[in-house]
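Good morning, colleagues. I should like to take you through one structure, beginning with its loops and strands and ending with its cores and helices. Please look at the sequence and the model before I continue.

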Amino acid sequence: MPRARRRPAGPDMKGPEGKRSKTKNLGGASAQVESSSLQRTPASEDGGEALGSYWLMKSEPESRLEKGVDVKFSIEDLQAQPRQTTCWDGVRNYQARNFLRAMRLDEEAFFYHSNCRAPGIAGLVKIVKEAYPDHTQFEKNNPHYDSSSKEDNPKWSMVDVQFVRMMKRFIPLAELRAHHQAHKASGGPLKNMALFTHQRLSVQRLTREEFDFILSLEEKEPS
């Protein structure tokens with residue numbers, strides 16, 4: 001994503017539906033801000049059955065100032081980056097950080113537009129660099145600066161992501177929610193989707209079933 005600063009270590013800056021906002025760093029991607037007070041369970045404990053190497057990553061596509069920095073970063077902004085690649089910084093939630101650390105090269109993630117007038121899944125990205133220290137935690141003028149993190153023992157990590165493609169059609173949150181509600185009754189693929197069960201997480205793990213079902217929605221007209 002754009003070099004947006006990762007989430008601050010302090011209190012959450014909550015937008016609609018608890019989504020987190022992104023900040024930009026020097027052209028990198030910023031992840032949405034999450035509070036470190038959220039669940040801190042290890043990645044292996046989250047997500048239910050059949051966890052796969054698939055992800056959903058949230059970013060804010062509309063301008064919003066955080067400590068004087070515009071945290072906007074859309075999938076179109078990612079496309080405009082050199083090599084369509086940037087770091088995903090600013091994550092300040094331990095569970096989301098652990099998910100970043102669990103990511104491996106070439107794994108795919110949905111790019112989710114959040115905290116905006118039309119939230120939903122806009123496209124696909126892939127991981128092109130595995131977790132390494134998030135530099136924004138050490139930058140005092142950065143919205144995601146963390147004075148408690150030390151360079152010899154950094155608390156926060158980031159990955160690099162690269163644009164893969166736009167979705168064939170934008171998949172809105174309302175459509176995903178309708179499937180989630182239906183699947184809770186029928187036992188369908190989205191019954192436990194973290195987008196609804198762990199709403200505050202800006203980095204979420206998906207099962208293979210969830211990932212494939214969402215991809216299948218591209219081919220269908222919204223009901």
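**Loops, strands and cores**

Asp106 sits in the loop that links α2 and β6. Please bear in mind that this is a predicted model. Asp106 is not a glycine, yet its phi is positive, at about 75°. Is Asp106 buried or exposed? With a relative accessibility of 54%, Asp106 counts as exposed, because the cut-off for that class is over 50%.

A second loop, between α1 and β5 (85-89), contains Gln84. Here too phi is positive in a residue other than glycine, with a value near 55°. The relative accessibility of Gln84 is 30%, and Gln84 therefore counts as partly exposed.

Let me turn to the strands. β6 and β7 run antiparallel and are joined by six bridges. Together they form a hairpin, with six residues between the two strands. In that turn, Asn115 has a positive phi of about 50°. His113 has Gly120 of β7 standing opposite. On to the next pairing: β7 and β8 are also antiparallel, and ten bridges join them. Within this pairing, Lys126 has Gln162 of β8 as its bridge partner.

I now come to the interior. Which residues of the largest nonpolar core touch the most other members? This core has 21 residues, and the answer is Met57, Trp88, Met103, Val159 and Val203. Two or more residues of the core come from each of β2 (51-59), α1 (75-79), α2 (94-102), β6 (108-113), β7 (120-133) and β8 (157-172). A second core, separate from this one, has 19 residues, including Met193, Leu206, Phe211 and Phe213.

Met57 merits a closer look. When residues up to four places away in sequence are not counted, Met57 touches, among others, Trp88, Leu100, Met103, Val159 and Ser202. Its contacts also include Ala109, Phe110, Phe111 and Tyr112, together with Ile127 and Val161.

Next, the helices. In α2, seven of the nine residues are buried, and the helix is thus mostly covered. The buried residues of α2 are Tyr94, Gln95, Ala96, Arg97, Asn98, Phe99 and Leu100. Where α2 starts, a side-chain oxygen of Asn93 comes to within 3.0 Å of the backbone nitrogen of Gln95.

Helix α3 (residues 173-186) contains Glu175. Is this glutamate buried or exposed? Glu175 counts as buried, because its relative accessibility is 11% and the cut-off is under 20%. Its C-alpha lies 7.2 Å from that of Pro222, although 47 residues separate the two in sequence. Leaving aside neighbours within four places in sequence, Glu175 is in contact with Arg169, Leu217 and Pro222.

Leu217 leads us to helix α5 (residues 208-217), where Leu217 is one of the buried residues. The others are Glu210, Phe211, Phe213 and Ile214. Why do these residues lie on the same side of α5? They cover an arc of only 165° around the axis, which places them on the same side of the helix. Phe211 and Phe213 also belong to the second core.

I close with the cysteines. How many disulfides does the structure hold? The number is zero. Cys87 is buried, at 0% relative accessibility. Cys116 is buried as well, with a relative accessible area of 14%.

Technical notes:
Residues numbered from 1 in each chain as written. Predicted model: local features only at pLDDT ≥ 70, side-chain atom pairs only at ≥ 80, totals over all residues. Heavy atoms only, no water. Buried < 20%, exposed > 50% of the residue type's maximum accessible area, 1.4 Å probe, protein only. Helix = DSSP H or I, 4+ residues; strand = E, 2+ residues; numbered from the N terminus. Arc of directions from axis to C-beta. Disulfide = S-S within 2.5 Å. Core = buried A, V, L, I, M, F, W, Y, C linked by side-chain atoms within 4.5 Å. Contact = heavy atoms within 4.5 Å. Polar contact = N/O pair within 3.5 Å; in protein donor to acceptor, adjacent residues only side chain to side chain. Pairing = 2+ DSSP bridges.
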